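Trainee: I would like a close look at one part of this protein rather than a tour of the whole. Could you take a single element and go through its residues, its neighbours and the pockets beside it?

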Amino acid sequence: MTTTLRVHRLLLTALGTALLLIGGAAPSQAQTVVVMVNGEPITDFDIEQRSKLDVLTTQKNPGRQEVINELIDEKVKIKEGKKYGVEPTSSDIDQSFSGMAQRMRITPDQLAKSLEVKGVRPETLKNRMRAEMVWTSLVRGRFKEQLQVGERDVAAAVQAQNGEKLQVEGFEYKMQPIVLIVPRGSSQAATEARHKEAELYRSRITSCDEANTLFRSTPNAAIRESVTKTSADLPEALRKVLDDTQVGHLTPPEVTKQGIEMVVLCARNSTMIDTPKRREVREKMYVEKYEKTSKRYLAEIRKAAMIEYR
């Protein structure tokens, strides 16, 4: 009887091991190992899943070897991250997943279901997110100094693009947001009344001090702490509104979810420190440096990796 139980336990153990080799999303299909990377397998199922995800996110159908290379790269990136203690937690990955869902204006569950409908496990996307987070932290952390973009280089690049012309100056805006609160569910008439009230304030306010004195004592109104932004920080439409507003005055009222919102412009100063053009050039130069450094770094660690095709 003891021998029978022992055999039975061995059979259950063998069955459990076999189940581990079968994909959770495809329990009837055993996974065939295609590549071993530093002792970790890449299976046919992994390749199939990543292929579907790539088609979904890029609208292109990648070749099999292209997908395999992508998965190999991620394996070596993750290992390199562990070497330097860069290991995102499950909470970090879930937060990134939720952030993607939020940008798509859906819930994380809805994002997961939309992937599953396309035959992609949410874990497939999360694995890619993990590798991207690790790699970004590694490259930016290890090569911080090499990735710095000098302001002289930026200025030279801007001048080269503009020929002999001087670069267009930008502005630094100091402002305070103001809200005339309109409770949710209020009638259109109530909203219009507050809008007229805002226009009345616009005709009276001529300084930030006046705005602070008035709106801190006005019922159902709020004035926020001052914020400072440069031209490069703001969209073109908002820059135009601020440029058309006299210093010390309020911008035109706008209806939002909170109520009627305006901004009191406290200061507008010329600056050459940061302009939309400089920001654009600086970001482009940084991306070029990052991609070059990233490509070289990946080639180095991939060359040192143990990659075995089956």
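Mentor: What follows is a look at helix 2 and its surroundings. This is a predicted model, in which local features need pLDDT of at least 70 and side-chain atom pairs count only at pLDDT 80 or more, while totals for chains, interfaces and linings use all residues. Residues are numbered from 1 along each chain as its sequence is written, and side-chain values use heavy atoms, with hydrogens and water left out.

As a setting, the protein has twelve helices and eight strands, where helices (H or I, at least four residues) and strands (E, at least two) are DSSP runs numbered from the N terminus. Buried residues make up 35% of the 310 residues; here buried means under 20% relative accessible area, exposed over 50%, and partly exposed in between, with a 1.4 Å probe and protein chains only.

Helix 2 covers residues 44-58, and Ser 51 has its place there. Ser 51 counts as buried because its relative accessibility is 18%. Leaving aside residues up to four places away in sequence, Ser 51 touches Pro 62 and Val 67, a contact being heavy atoms within 4.5 Å. Asn 61, in the loop between helix 2 and helix 3, is ten residues from Ser 51 in sequence and 7.4 Å from it in space, C-alpha to C-alpha. Asn 61 is exposed, with a relative accessible area of 69%.

Thr 43 belongs to strand 2 and counts as buried, at 5% relative accessibility. Again not counting residues up to four places away in sequence, Thr 43 touches Gln 31, Thr 32, Val 33 and Val 34.

Turning to packing, helix 2 meets helix 6 (residues 122-142) at an angle of about 80 degrees, with the axes 10 Å apart; axes are lines fitted to C-alpha atoms, for helices over the stretch in contact, and angles run from 0 to 180 degrees between N-to-C directions. The two helices are therefore roughly perpendicular to each other, since angles under 35 degrees count as roughly parallel, over 145 as roughly antiparallel, 65 to 115 as roughly perpendicular and the rest as oblique. Helix 2 makes this contact with Gln 49, Arg 50, Leu 53, Asp 54 and Thr 57, and helix 6 with Thr 124, Leu 125, Asn 127 and Arg 128. By class, these residues divide into two nonpolar, four polar and three charged, where Ala, Val, Leu, Ile, Met, Phe, Trp, Tyr, Cys and Pro count as nonpolar, Asp, Glu, Lys and Arg as charged, and the others, Gly among them, as polar.

Helix 2 also takes part in the largest pocket, since strand 2 (40-43), helix 2, helix 3 (64-83) and helix 6 are the elements that give two or more residues to its lining. On a 1 Å grid over the protein atoms alone, a pocket is an open set of points where a 1.4 Å probe fits, with protein on both sides within 12 Å along at least five of seven lines, and lining residues have an atom within 4 Å of a point. The volume of the largest pocket is about 510 Å³, a volume being the space filled by probe spheres set on the points, which are joined across faces, edges and corners. Of its 20 lining residues, Glu 40, Pro 41, Asp 46, Lys 75 and Asn 127 lie nearest the centre. Helix 3 gives the largest share of that lining, six residues, and the lining as a whole has six nonpolar, five polar and nine charged residues.
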